[in-house]
Amino acid sequence: MDALVAQLQMQYRNYTVSLYQQGFLDERFTELRQLQDDKHPNFAAEMLSLSFDDSVKHIGNITRACKDQTGTVDFGLVDVSVHQLKCTSSSVGAKRVKDLCVTFKEYCEANNYEGCVRCLQQVDIEYNTLKTKLQDMFNLEKQIIQAGGKVPQVDGH
Amino acid sequence: MARDGGVSCLRSSEMMNVGIRGMESPPLDVDEVHVLAVDDSLVDRIVIERLLRITSCKVTAVDSGWRALEFLGLDNEKASAELDRLKVDLIITDYCMPGMTGYELLKKIKESSSFRQVPVVIMSSENVVTRIDRCLEEGAEDFLLKPVKLADVKRLRSYLTRDVKVSNGNKRKLPEDSVTVNTSLPPPPPPLINSSDSSDSSPPLTISPESSDSYSPLSPVEIFSSPLSSQLDEEDDVLTSSPESSPAPEESPIRRQKMESPGLD
């Protein structure tokens, strides 16, 4: 049992560290973890989940704003949603999505339609990738707990 | 947790299952620090609530400047009957909000006779010097860069004690202004009530619940793969009546004075 736990913990550590190293997560995620206690054991996951709900909404709004039939895109509208997406990502440590939004905003400000469409595609990919990776990470946590172990604190270094 | 855009009022554990203004609310314990937090982002609202509760504050969180004014009784001309009992020690607001910005809210608060003395802190994701200066000139006590950290909130907490000294310290938070976070938490706050209201309509004031002792926490995997709202419905309603105790601040309490001319670092 202990050997299994140790192995899972190592797997978990490596996986989590890689998420930080590849820029999927940043120190904000670590900070949210540090706000957890016995009464709020899943605070970080809950915030991620809420943020993802928000992100879906914002990505939807951006998509609609970019699919304008008349050929004129309201870049102001796009910009507002990109800003909100950036904020929600920043709030939970979703670094890649947040960084993409910075570029996205620049395209909005330049009224660059092709740039915006490219960013939208990338944002969608990054959001979905992050979601999958976090699910994998949380799955590992579950396995550790089920094997009778404790989830190690990992801060990305 | 309040999922809608309403107010989560954690003023008192005796307030439950009602989310309505005008209901009788017991006066706050004079020793409890009560913070009004204003942010249109649900995630940010919940996080700032968590940070404030960790530092032993009572929190009322609203999703807009209008709701904040409504809560303070500043939304119409006749004085609110609640005003006598309304004790707000700090207002912390996001800058960028649809409708009324944090700056506009700040101005309205500073124009009011009842609340102009209450320190107002602005939060923003953008480090724009002109924005910061404008807010400080209008009377903001401090300006925090988002995402707000526990260290930032702990620093705010140090303003809010009975003994005050005046200080002209630099109030602008700069990106390089990182403080080592002491992550050892005070005793966890008592669990709050779970509202069973998960409807789409947003009442002006709702109770924001936290998990109770009898709540068996879902694992992050479960939270992550199913909509959060369905999990919230499963939480039990549990009341607690023990108020939070405020830990004594370690350093000598200071209250920052409005800066005359914010300097640039």
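Which residues does A:V78 touch, not counting residues up to four places away in sequence? In this predicted model, the partners of A:V78 are A:I62, A:A65, A:C66, A:V73, A:F104 and A:C108. Two of these names meet again in a wider setting, since A:V78 and A:F104 are both listed among the residues with the most contacts inside the largest nonpolar core. That core has 72 residues, and the list of its best-connected members also holds A:M47 and A:L134 from chain A, together with B:I48, B:L52 and B:I92 from chain B. Apart from this core lies another, of 26 residues, which includes B:L36, B:A68, B:L69 and B:V118. As background to both, nonpolar side chains in soluble globular proteins tend to be buried together.

Chain B can be introduced through its overall figures. It has 7 helices and 9 strands, and 54% of its 265 residues count as buried. Among contacts in chain B with a separation of 6 or more, 75% are accounted for by residues 24 or more positions apart. The accessible surface of chain B comes to about 11800 Å², and carbon and sulfur atoms contribute 49% of that area.

Within chain B, one annotated position deserves a closer look. An unreviewed UniProt entry places the feature "modified residue: 4-aspartylphosphate" at B:D94. In the model, B:D94 belongs to strand β4, which spans residues 90-94. B:D94 counts as buried because its relative accessibility is 5%, below the 20% cut-off. Beyond its sequence neighbours up to four places away, B:D94 touches B:V38, B:D39, B:D40, B:G102, B:M123, B:S124 and B:K146.

One of those partners, B:D39, sits in the loop between β2 (33-38) and α1 (42-54) of chain B. B:D39 is buried too, with a relative accessible area of 1%. Its side chain makes a polar contact with the side chain of B:K146 at 2.7 Å, and it also reaches the backbone nitrogen of B:S41 at 3.0 Å. With neighbours within four places in sequence left aside, the contacts of B:D39 are B:D44, B:R45, B:V62, B:D63, B:D94, B:M97, B:M123 and B:K146. B:M123 and B:K146 thus appear in the contacts of B:D94 as well as in those of B:D39.

Turning to chain A, A:F29 lies in helix α2, residues 27-34. Is A:F29 buried or exposed? A:F29 is buried, with a relative accessible area of 0%. Its contacts, leaving aside neighbours within four places in sequence, are A:Y20, A:A44, A:L48, A:V92, A:G93, A:M137 and A:F138. A:D99 is 70 residues from A:F29 in sequence, and their C-alpha atoms are 15 Å apart in space.

The cysteines complete the picture. How many disulfides does the structure hold over all chains? The count is 0. For A:C87, the closest cysteine sulfur is in B:C96, and no bond is assigned because the distance of 6.9 Å is too far. A:C87 is buried, with a relative accessible area of 17%. A:C101 has its closest cysteine sulfur in A:C119, and the 8.5 Å between the two sulfurs is likewise too far for a bond. A:C101 counts as buried, at 0% relative accessibility.

Terms used
Residues numbered from 1 in each chain as written. Chains lettered and ligands numbered in written order. Predicted model: local features only at pLDDT ≥ 70, side-chain atom pairs only at ≥ 80, totals over all residues. Heavy atoms only, no water. UniProt positions renumbered as here; feature names shortened; annotations may be inferred. Helix = DSSP H or I, 4+ residues; strand = E, 2+ residues; numbered from the N terminus. Buried < 20%, exposed > 50% of the residue type's maximum accessible area, 1.4 Å probe, protein only. Contact = heavy atoms within 4.5 Å. Polar contact = N/O pair within 3.5 Å; in protein donor to acceptor, adjacent residues only side chain to side chain. Disulfide = S-S within 2.5 Å. Areas by Shrake-Rupley, 256 points an atom, 1.4 Å probe, with all protein chains shown as cover. Core = buried A, V, L, I, M, F, W, Y, C linked by side-chain atoms within 4.5 Å.
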